[in-house]
Amino acid sequence: MTEALLLDTHIALWLDSGNDRLRHSTRALIDNCWRNGGTIFLSSVTVWEIALLVDTGRIELDIPVDAWIDRFLDRPGLEGVPLAHRAAARSYQLHHLEHRDPADRLLIATAIDLRCPLVTYDERITQFGKKRGRQQEFSIEI
């Protein structure tokens, strides 16, 4: 039983919109976590990424970003999580990540800090998890 999950940005957006790219198995994982009293975390890093995507015109939301976040987090079992100092410092140490995307590093470090899996379809994060997950005490769910 998964007690907590951290959502990657694309997973949160697809979950909210009902996008078909969210696999049934991923939806079941999230639903099972909810049903069993677990917590689904949304990082402040994801909030920043969503705001950036809206600002650059890469995505459109049906309401302003701050209202979208409030609506998203208003669901039972969902909780916003700030970026912790420890995770920010740890993210710099994740030099084995194939690319240097700071948001991905911060999300990985946050998942490590929370001791919960990161739910993502990002192939580079998945590869990092396979190669370095045990060493970093990091896991993913897809």
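# Reading the labels on helices, cores and residues

Q: Where does Asp74 lie in this predicted model, and what makes this residue count as buried or exposed?
A: Asp74 lies in the loop between α4 and β3, the latter being residues 78–81. Its relative accessible area is 66%, and since the word exposed is applied to values over 50%, Asp74 is therefore called exposed. Its C-alpha atom is separated by 15 Å from that of Val47, although the two residues are 27 residues apart along the chain.

Q: Why is Ala51 called partly exposed?
A: Ala51, whose place is in helix α3, has a relative accessible area of 32%. Buried would require a value under 20% and exposed a value over 50%, so Ala51 falls in between and is partly exposed. The C-alpha atoms of Ala51 and Leu61, which are ten residues apart along the chain, are separated by 9.8 Å.

Q: How do you know that Leu5 is buried, and which residues is Leu5 in contact with?
A: The relative accessible area of Leu5 is 0%, and because buried means under 20%, Leu5, in strand β1, meets that condition. Leaving aside neighbours within four places in sequence, Leu5 is in contact with Leu29, Ile30, Cys33, Thr39, Ile40, Phe41, Cys116, Pro117, Val119 and Glu141. One of these contacts, Ile30, is 25 residues from Leu5 in sequence and 7.7 Å away in space, C-alpha to C-alpha.

Q: What makes a set of residues a nonpolar core, and how many residues has the largest one?
A: The residues must be buried, must come from a list of nonpolar types, and must be joined through side-chain atoms within 4.5 Å. The largest such core has 22 residues, and those with the most contacts inside it are Leu5, Leu7, Ile11, Ile30, Ile40 and Phe72. Two or more residues each are given to this core by β1 (4–7), α1 (9–17), α2 (24–35), β2 (39–43), α3 (44–55) and α4 (65–73), with α1 giving the most, namely five residues. Ile11, again leaving aside neighbours within four places in sequence, is in contact with Leu22, Ile30, Val119, Thr120 and Tyr121. A second, separate core of 19 residues includes Ala4, Leu6, Leu107 and Cys116.

Q: Why are α1 and α4 called roughly perpendicular?
A: Their axes come within 12 Å and cross at roughly 75°, and since angles of 65 to 115 degrees count as roughly perpendicular, the two helices are given that label. In this contact, Ala12, Leu13, Leu15 and Asp16 in α1 meet Trp68, Arg71 and Phe72 in α4; by class, the residues are five nonpolar, no polar and two charged.

Q: Why is α3 called roughly antiparallel to α6?
A: The axes of α3 and α6 come within 9 Å and cross at roughly 155°; because angles over 145 degrees count as roughly antiparallel, α3 is roughly antiparallel to α6. The crossing in which α3 passes α6 is left-handed. Val45, Thr46, Trp48 and Glu49 of α3 make the contact with Ala103, Leu106 and Leu107 of α6, and these residues comprise five nonpolar, one polar and one charged.

Q: What makes α5 and α6 oblique to each other?
A: Helix α5 (residues 85–92) and helix α6 (residues 102–114) pack at an angle of about 125°, with their axes 8 Å apart. That angle belongs to none of the ranges under 35, 65 to 115 or over 145 degrees, and the pair is therefore oblique. α5 passes α6 in a right-handed crossing. On the α5 side Arg86, Ala87, Ala88, Arg90, Ser91 and Tyr92 meet Arg105, Leu106, Ala109, Thr110, Ile112 and Asp113 in α6, and these residues divide into six nonpolar, two polar and four charged.

Q: Where is Arg115 found, and why is Arg115 called exposed?
A: Arg115 is found in the loop between α6 and β4 (118–119). Its relative accessible area is 69%, and as exposed means over 50%, Arg115 is therefore exposed. The phi of Arg115 is near 60°, a positive value in a residue other than glycine.

Note on methods
Residues are numbered from 1 along each chain as its sequence is written. This is a predicted model: local features need pLDDT of at least 70, side-chain atom pairs count only at pLDDT 80 or more; totals for chains, interfaces and linings use all residues. Side-chain values use heavy atoms; hydrogens and water are left out. Axes are lines fitted to C-alpha atoms, for helices over the stretch in contact, and angles run from 0 to 180 degrees between N-to-C directions. Helices (H or I, at least four residues) and strands (E, at least two) are DSSP runs, numbered from the N terminus. A crossing is left-handed if the near helix is turned anticlockwise from the far one by less than a right angle, and right-handed if clockwise. Contact means heavy atoms within 4.5 Å. Ala, Val, Leu, Ile, Met, Phe, Trp, Tyr, Cys and Pro count as nonpolar, Asp, Glu, Lys and Arg as charged, and the others, Gly among them, as polar. Buried means under 20% relative accessible area, exposed over 50%, partly exposed in between (1.4 Å probe, protein chains only).
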